[in-house]
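Please look through the structure below with its pockets, its disulfide and its paired strands in mind. The report takes these topics in turn.

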Amino acid sequence: GKAFRFVTSLLAARDGAIWIGHAGGASRFDGNTWSLLNKEGGLPSNHILALAEGGAGELWVGTEAGLARCQAGVCATYKKQDGLASDTVSTLYLDSQGLLWAGNGNSSGGGLSVWDGEIWRIYSTSDRLVHPVVNAILEDRQGNLWFGTGFAARGAATRFDGTNWTSITRADGLAGDKVRSLFQDASGALWFGSEYDGVARYDGHTWLTLNINNGLSGLEVKAMLQTPDGDLWLGTENGITRISALAPERLQ
């Protein structure tokens, strides 16, 4: 076994290897052997914040001091001077078009950039991204991109359909304005986890808010997944809540 401090990200690569991003670099386990990618191997920092696999199988590594693109043992680094919105990248997402999105939810200046394989493009509040701090990115089944944004008590969920930007706030149905996590369940409903106010579910028609008053274990919803049997698991600052597929109104 290995001891890792401050694990921030996990990636199951298409070659079968598992990558673990932590405070000392990115560790790779192929089922037999461990290896470590760090500053000595070309990363801009050892403090990893995000991992993603690109369309060509390259590894993207977001750190607090730049974003690295690594392939065949060689890493190229991108920073603000190279066209990135911010030196810090804390969330990465490869969409169905092969575009790689890089967001900064770690520092108050925020930043959202997208890589088309050749150049970076930056989206900012002047493009109707409501808040520059990007905490989560998700593509829904209709091909819309969702950005969970916000810092402190401000923010929104912003949807980008490739042309138009629209934002959803607490006034529209969110549990709280700062969106910490995003998830789409098997039924197609979207879940918006907040920092301080629980989680909101939107099925396209109706909003449902869950918080500690109706059984959620905590108010900051950091992670969500659904198992094949349909049960939803929500991770909070105060443990885990399971929502049964059979009785979604009963939180466990």
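The second largest pocket is lined by 19 residues, among which Trp19, Arg28, Leu37, Leu59 and Cys70 lie nearest its centre. A pocket here is an open set of points on a 1 Å grid over the protein atoms alone, where a 1.4 Å probe fits, with protein on both sides within 12 Å along at least five of seven lines, and lining residues have an atom within 4 Å of a point. Two or more residues of this lining come from each of S4, strand S7 (66-71) and strand S8 (74-78), and S4 gives the most, with three residues. Strands are DSSP runs (E, at least two residues), numbered from the N terminus.

This is a predicted model, in which local features need pLDDT of at least 70 and side-chain atom pairs count only at pLDDT 80 or more, while totals for chains, interfaces and linings use all residues. Residues are numbered from 1 along each chain as its sequence is written, and side-chain values use heavy atoms, with hydrogens and water left out.

The table sets out both pockets; a volume is the space filled by probe spheres set on the grid points, which are joined across faces, edges and corners.

| Pocket | Volume | Lining by class |
|---|---|---|
| Largest | about 1200 Å³ | 23 nonpolar, nine polar and five charged residues |
| Second largest | about 270 Å³ | ten nonpolar, four polar and five charged residues |

In these classes Ala, Val, Leu, Ile, Met, Phe, Trp, Tyr, Cys and Pro count as nonpolar, Asp, Glu, Lys and Arg as charged, and the others, Gly among them, as polar. The largest pocket has 37 lining residues, and Thr8, Ser90, Thr91, Asn135 and Lys222 are those nearest its centre.

Cysteine 70 also takes part in a disulfide (a pair of cysteine sulfur atoms within 2.5 Å), being joined to cysteine 75 with an S to S distance of 2.1 Å. A search of the whole structure finds one disulfide, and this link is right-handed, with 110 degrees about the S-S bond. Cysteine 70 counts as buried because its relative accessibility is 8%, where buried means under 20% relative accessible area with a 1.4 Å probe and protein chains only.

Strand S4 (residues 34-37) pairs with S3 in the antiparallel sense over four bridges, where pairing requires that DSSP finds at least two bridges between two strands. Leucine 36 in S4 is the bridge partner of serine 27, and serine 27, in S3, is also the bridge partner of isoleucine 20. Strand S2 (residues 18-22) runs antiparallel to strand S3 (residues 25-29), with five bridges joining them, and a hairpin connects S2 to S3 through two residues.

Definitions and conventions
Buried < 20%, exposed > 50% of the residue type's maximum accessible area, 1.4 Å probe, protein only.
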